[in-house]
Amino acid sequence: MKPPVLYIVVPCYNEQEVLPETSKRLRHLVRELTGQGKIDPASRITLVDDGSKDNTWKIISELCDRHECIEGLKLAHNAGHQNALWAGLMTVKDKADAAVSIDADLQDDVEAIRGFLEEYDKGADVVYGVRSKRETDTAFKRLTAEGFYKFMNFMGADVVYNHADYRLLSQRALQALSQFGEVNLFLRGMVPMLGFKTAKVYYERAERFAGESKYPLKKMLSFALEGVTSFSIKPIRWVFFTGVIFALLGIVMAIYAVISHLAGATVAGWSSIMVSLWIIGGVQLIALGLIGEYVGKTYIETKHRPRFIVEEYKH
């Protein structure tokens, strides 16, 4: 069987410190896989500059000039990690037999791509890279990260536990993924919806090779909210049931107030009134904010704005 044309898509945002090492390791891997006949010589590494403010694009341009196996895609502005990844995948979907997405920080073991290809050869259209353990994480990071996956699954988003965006997609999977029209992307939830044959490859994740993390706690919380509101209406249902509970409590309190009045035992209860006002007011504000989140996403989707704009493509 003819070896597949493999494209490795790497979204980059302000990665000037780590990019030279990342490209070096990926080039070495591509050379070895090509020499072993496991991938076609036409295979490429696609570096996507997501509107970086440092020298990321300059480095990518120099790498493209020096190495035939590297191509660069420059987005006109910072579109966000998911959009940058989507831009790379959609750019190569018609040229690649399979595409691997991997972050530039070298936390994901590039050697796991060998395992991806083995599963692809066995017929898998989607191969997930899954962390085998989290020993390099702090206790807080481990707790929040594991809680994120459990929370997402509980809320109805079918995500693979301990899997980020390190995966292989066959051309058939890429073509199917391209049919998804939403602007608010959450690829970890979209890919499992494809329904094709899947496999998992486990690997140990290392610490970031250089530079700073692009996903602090604030962004992780925002990412989780994006995922939940993209794939589940459970939060809206919870607000509804909370409203029902408060309505029932209101009826009970009304009956209690009437009975107390008839018994002549009514006493002005300032504390209870204030507590009730704060609780009910808080619930109402949360409900309005949650509804606003869904309405806002619907509003953005109806505009049909492009997910990304390509400024330059070197290949």
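**Salt bridges, helix α4 and surface features**

In the predicted model, E32 and R114 form a salt bridge in which the closest N and O atoms are 2.3 Å apart. E32 belongs to helix α1 (residues 19-35) and R114 to helix α4 (residues 112-121), so the pair ties together parts that are 82 residues apart in sequence. The two partners fall into separate burial classes. E32 has a relative accessible area of 29% and is partly exposed, whereas R114, at 18% relative accessibility, counts as buried; the assignment of R114 follows because buried means under 20% relative accessible area. The pair also belongs to a network of salt bridges that links E32, E111 and R114.

The structure holds twelve salt bridges. One of them joins the side chains of K95 and E71, with an N to O distance of 3.8 Å. K95 is placed in the loop between α3 (81-92) and β4 (98-101), and E71 in strand β3 (residues 70-75), so this pair ties together parts that are 24 residues apart in sequence. K95 is partly exposed, its relative accessible area being 33%, while E71 is buried at 3%. A salt bridge is also formed by D165 and R167, whose closest N and O atoms lie 2.7 Å apart. Here D165 counts as buried at 6% relative accessibility, and R167 likewise counts as buried at 1%.

Helix α4, which carries R114, is mostly covered, with seven of its ten residues buried. The buried residues of the helix are A112, I113, R114, G115, F116, L117 and Y120. Within this set, I113, F116, L117 and Y120 can be read against the helical repeat. An α-helix has 3.6 residues a turn, so residues three or four places apart point the same way. The packing partners of the buried α4 residues comprise both helical and strand elements: α1, together with β1 (6-12), β4, β5 (126-131), β6 (163-170) and β7 (198-203). Helix α1 is thus named among the packing partners of α4 and also supplies E32, the salt-bridge partner of R114. After α4 comes G123, which has a positive phi, near 115°.

The surface includes a nonpolar patch formed by F240, F241, V244 and L248, which together have about 400 Å² of accessible area. L248 of this patch lies in helix α9 (residues 234-262). A charged residue on the exposed side of the classification is K58, with a relative accessible area of 53%; exposed residues are those over 50%. K58 is located in helix α2 (residues 56-66). The C-alpha atoms of K58 and Q16 are separated by 9.0 Å, and the two residues are 42 apart along the chain.

For the protein as a whole, the secondary structure amounts to ten helices and eight strands. Of the 315 residues, 45% are buried. The accessible surface comes to about 16,700 Å², and carbon and sulfur atoms account for 61% of this area. Among contacts between residues at least 6 apart in sequence, 83% join residues that are at least 24 apart.

Methods: Residues numbered from 1 in each chain as written. Predicted model: local features only at pLDDT ≥ 70, side-chain atom pairs only at ≥ 80, totals over all residues. Heavy atoms only, no water. Helix = DSSP H or I, 4+ residues; strand = E, 2+ residues; numbered from the N terminus. Buried < 20%, exposed > 50% of the residue type's maximum accessible area, 1.4 Å probe, protein only. Patch = residues over 30% accessible without salt bridge, like charges linked within 9 Å, V, L, I, M, F, W, Y side chains within 5 Å. Areas by Shrake-Rupley, 256 points an atom, 1.4 Å probe, with all protein chains shown as cover. Salt bridge = Lys/Arg side-chain N within 4 Å of Asp/Glu carboxyl O. Contact = heavy atoms within 4.5 Å.
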